[in-house]
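Trainee: Please take one topic, the pairing of charged side chains, and go through it closely. I would like to know where each partner sits and what surrounds it.

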Amino acid sequence: MRSLIDILELSVEEIDELIATAEDIIANPAKYQEVCRHKKLATLFFEPSTRTRMSFEAAMYELGGNVISMASASSSSASKGESVADTAKVISCYADIIAMRHPKEGAPLVASMNASIPVINAGDGGHNHPTQTLADLLTIWRKKGKFDGLTIGFCGDLKFGRTVHSLIAAMARYTGIRFILISPDELKLPSYIKKDILEKQGIEYLQTTDLESVMPELDILYMTRVQQERFFNEEDYLRLRDSYILTPEKLENAKKDLCILHPLPRVNEISVGVDADPRACYFEQVLNGKYMRMALILKLLEVKA
Ligand code: CP
C-alpha cells in the first residue's frame, strides 16, 4: 500500500504514467466512469480549500466512487483534541483512501503512518502540495510537450508557497532546467530547498526582486499569492501582499508562447485583464488538477480501467 506525501515519492517514470493515464481519461472518460464503484474517498480538510477538496471529490465521483468529507477542523472531533494519528485510524474504518490537508507540516505523514489505507497529502502548512504539482506538470506538458530545457520563473511568496516548493523539487529532476526566483527579500525560497535541491544537483538559478527585467527569458511564469495565513505579523503581510501584480503591460516583453500558471486562489497577483491572454493557463491548470487526481486515485487504489 502506497501513500503520496512528497512529490519525490513518485519517480519521473511514474509521473509520465500518471500523465498518460490523465490524457487517456480526457480522451475516453466513459472508460473510467465505473472503475471505482463501491470505493470511498475521505476528504479531511483542516484548512480552507476550494480547488483541492472539490477536485478530489469530483475526481472520485467521475470514477464512479463515493466521497465522505470533513470540510473543517471545527466540525470534527479534532476540535475536541483528537490526534491526527487517531483520526487516521478511525477514517481507515470508513474509507478506502484519504486526502488530507492540514496547517501543520508533516501531519499527512503522521496520518499515513497510522492509517491502514493510502493517504494523499493535499497540502501541509508551508511545506508541500504534491497534487498541485501534478496539476502543474500536466499543464506544462500539454502546453510545452516537454519538461527539459525550460526556464521557469517563480514569483511572489516563495518562502511559504508550498506549491512552489513541490514544483521546484519535481522540475529539478529534468535536464537543462533553469529557475528564476522572483520575490521580496523577506519571502525568498527557504535555504534548505536551495541547499538540498538546487545546489546539491547543480541546478542553475537566479534570485531577483525584479519581475520585468527577467520576463523575456521565461518559458513558464508561476505567480503565487502572498500566504496571509502563514504570517505572524499583519503589518508585514499588508506591506508585502501587493509586491507583484501581473498586468497586460508587464507581459509586453514576454515570449509569445509563455505559459502563465498560478495555483490559485489569486488575490491581486494577476489582474483580470490578463485572463483573456492566450498565455494565461491557470484555469486549464485547475481542470488538469482533477484529471491528475483521478489518475493518482487509480494508481494508489491499484485500480485498472
Ligand atoms: N491550489 C489550491 O490548493 O487551491 P485550494 O486552496 O482552493 O485548494
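**Charged pairs and their setting**

Mentor: Asp-185 is exposed, with a relative accessible area of 53%. (Buried means under 20%, exposed over 50%, and partly exposed in between, with a 1.4 Å probe and protein chains only.) The model is predicted: local features need pLDDT of at least 70, side-chain atom pairs 80 or more, while totals for chains, interfaces and linings use all residues. Residues are numbered from 1 along each chain as written, and side-chain values use heavy atoms, without hydrogens or water.

Asp-185 is the partner of Lys-188 in a salt bridge, where the closest N and O atoms are 3.9 Å apart. (A salt bridge is a Lys or Arg side-chain nitrogen within 4 Å of an Asp or Glu carboxyl oxygen.) Lys-188 is partly exposed, at 33% relative accessible area.

This pair belongs to a wider set, for the structure holds 22 salt bridges. One of them joins Arg-162 to Glu-47, with 3.2 Å between the closest N and O atoms. Arg-162 lies in helix 6 (residues 162–171) and Glu-47 in the loop between strand 1 and helix 2, so the pair ties together parts that are 115 residues apart in sequence. (Helices, of at least four residues in H or I, and strands, of at least two in E, are DSSP runs numbered from the N terminus.) Both partners are covered: Arg-162 is buried at 8% relative accessible area, and Glu-47 is buried at 10%.

Strand 1, which precedes the loop of Glu-47, belongs to an open, parallel sheet of four strands, ordered 2-1-3-4. The edges of the sheet are strand 2 and strand 4 (119–124), each of which pairs on one side only. (Strands pair if DSSP finds at least two bridges between them.) Strand 1 covers residues 40–45 and pairs with strand 3, residues 97–102, over five bridges in the parallel sense. Phe-45 stands opposite Arg-101 of strand 3. In edge strand 2, which spans residues 66–70, you will find Ile-68; Ile-68 counts as partly exposed at 32% relative accessibility.

Another salt bridge links the side chains of Asp-277 and Arg-279, at 2.9 Å from N to O. Asp-277 is buried, with 17% relative accessible area, and Arg-279 is buried too, with 13%.

Finally, a network of salt bridges connects Arg-2, Glu-14, Glu-17 and Lys-299.
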